[in-house]
Amino acid sequence: MSARPAIAFALGLAAAPAFAESGEDWLSRMGVALNNTSYVGEFVSESAGRTERLAITHRVRDGVVSERLVSLTGRGRELVRENDEVVVYLPDQKLAIIERRSRRSDLMGALPQFEGRMASWYKVDWVGRETLDDFGPTAVVAVRPLDGYRFGYRLWIDVDSHMPVRSDLTDGSGRVIERLRFTRLEFDDNIPDSAFEPALDRRKLRWVRQSPQSEDDGEPSWRAAQVPPGFRLSVSGTQALAGSDAPVNHFVYSDGLATVSVFIQVPEAGKPPMQGTTRSGVASAFTTVVDGHQITAVGEVPPRTLKYIATGLRPVAGPQDAPAAAAANRRN
């Protein structure tokens with residue numbers, strides 16, 4: 001995006017907006033832009049002391065979302081999406097993984113698009129205007145968690161395009177955990193199909209298709225005795241995972257913004273189950289053992305959230321317990 005002329009920039013700052021600035025309104029504008037804008041660009045991801053540069057191509061055409069993410073540092077990994085089907089290319093492993101993901105963007109899909117029920121768990125604040133290099137004036141909005149079970153955001157939204165050009169994921173004390181910032185952003189409604197072709201020979205890769213989630217027809221086989229306020233069961237079923245001989249139980253709990261995935265499986269015979277907390281970038285995982293099953297909770301949330309959910313899961317002993325399980329999940 002080219003820099004604006006200094007005089008136009010000065011006049012833009014001098015003109016007072018005709019509407020009262022509102023964090024919720026800016027999030028709404030951002031949501032519309034994310035769902036309808038086609039663009040190409042480059043951005044930097046900073047997390048846990050690591051920095052990665054990536055290129056993104058994102059197209060929305062006739063309701064179909066296509067996206068390609070390419071790592072410009074490291075091992076040249078790529079991700080190509082068309083709607084909810086995603087192919088992850090790992091050239092260093094000569095591997096391609098096909099899977100389903102429900103978000104419309106792997107870069108922007110996790111950014112907050114505020115819903116009414118989330119107001120009990122997050123506070124949206126209008127911070128003010130700030131000028132960023134290469135992007136001119138932005139609207140700055142903070143989404144602050146009201147407890148210690150979730151992270152917050154600070155967003156810099158371009159006032160012309162309504163696109164987020166910088167995003168900070170923050171903990172309860174305001175410390176930045178992850179920062180995404182565009183270094184180049186250009187809008188293009190005529191991105192060709194060829195822009196979504198990976199830059200490698202697909203014939204030389206081993207292809208793995210993750211089995212789609214099988215939804216539970218009846219009541220879940222496990223229930224949560226406790227979840228943090230606002231989190232609800234949104235997905236329940238079984239799924240085959242790479243490296244696992246048998247399908248695993250899969251549950252997803254969400255407050256509408258933060259999401260926790262839970263995987264439950266019988267530990268491999270003769271191999272001690274993993275336990276404890278691990279972290280990879282901004283995501284954390286907590287693993288424990290309940291009733292002879294290994295439970296792993298994963299998400300971009302504080303570790304205490306993962307532990308609270310994982311240690312509260314209990315197997316449903318039989319059909320007589322199904323109504324209680326359903327009632328507990330509805331309450332949560």
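## Salt bridges, a buried glutamate and two nonpolar cores

Glu 186 is partly exposed, with 38% relative accessible area. That is our way into this predicted model, and the charged partners of Glu 186 make a good place to start.

**Charged pairs**

Glu 186 pairs with Arg 184 in a salt bridge whose closest N and O atoms are 3.5 Å apart. Arg 184 is partly exposed as well, at 28% relative accessibility. The pair does not stand alone: a network of salt bridges links Glu 186 and Arg 184 with Glu 42 and Arg 53. Across the whole structure, the search turns up 19 salt bridges.

Here are three of the pairs side by side, with the accessibility of each partner.

| Acidic residue | Basic residue | Closest N to O distance |
|---|---|---|
| Glu 186 (38%, partly exposed) | Arg 184 (28%, partly exposed) | 3.5 Å |
| Asp 193 (51%, exposed) | Arg 59 (8%, buried) | 2.9 Å |
| Asp 201 (28%, partly exposed) | Arg 203 (75%, exposed) | 3.1 Å |

Which parts of the chain does the pair of Asp 193 and Arg 59 link? Asp 193 sits in the loop between β11 (176-187) and β12 (206-209), while Arg 59 belongs to strand β2 (residues 50-61), so the bridge joins distant parts of the chain, 134 residues apart. The two partners also have contrasting surroundings: Arg 59 counts as buried because its relative accessible area of 8% is under the 20% limit, whereas Asp 193, at 51%, counts as exposed because that value is over 50%.

In the bridge between Asp 201 and Arg 203, Arg 203 is exposed, with 75% relative accessibility, and Asp 201 is partly exposed, with 28%.

**A buried acid: Glu 78**

Is Glu 78 buried or exposed? With a relative accessible area of 4%, Glu 78 is buried. This glutamate is part of strand β4 (residues 78-82). A polar atom of the Glu 78 side chain lies 3.0 Å from the backbone nitrogen of Ala 199. Beyond its neighbours within four places in sequence, Glu 78 contacts residues including Arg 68, Leu 69 and Val 70, along with Val 87, Val 88 and Tyr 89. Pro 198, Ala 199 and Leu 200 are also among the contacts of Glu 78.

**The nonpolar cores**

In soluble globular proteins, nonpolar side chains tend to be buried together. In this model, the largest nonpolar core has 60 residues, and those with the most contacts inside it are Tyr 253, Val 260, Val 262, Ile 295 and Leu 313. Helix α2 (residues 23-36) gives the most to this core, contributing five residues.

Val 260 shows what such a core residue meets. Leaving aside neighbours within four places in sequence, its contacts include Phe 231, Phe 251, Val 252 and Tyr 253. Val 260 also touches Ala 297, Val 298, Val 301, Thr 305, Leu 306 and Ile 309. Another core, of nine residues, lies apart from the largest one, with Val 40, Ile 98, Ile 191 and Phe 196 among its members.

**A last stop at Thr 277**

Thr 277 lies in strand β18 (residues 276-280) and is partly exposed, at 46% relative accessibility. Not counting residues up to four places away in sequence, Thr 277 touches Ala 285, Phe 286 and Pro 303. The C-alpha atoms of Thr 277 and Thr 296 are separated by 9.5 Å, with the two residues 19 apart along the chain.

Notes: Residues numbered from 1 in each chain as written. Predicted model: local features only at pLDDT ≥ 70, side-chain atom pairs only at ≥ 80, totals over all residues. Heavy atoms only, no water. Salt bridge = Lys/Arg side-chain N within 4 Å of Asp/Glu carboxyl O. Helix = DSSP H or I, 4+ residues; strand = E, 2+ residues; numbered from the N terminus. Buried < 20%, exposed > 50% of the residue type's maximum accessible area, 1.4 Å probe, protein only. Polar contact = N/O pair within 3.5 Å; in protein donor to acceptor, adjacent residues only side chain to side chain. Contact = heavy atoms within 4.5 Å. Core = buried A, V, L, I, M, F, W, Y, C linked by side-chain atoms within 4.5 Å.
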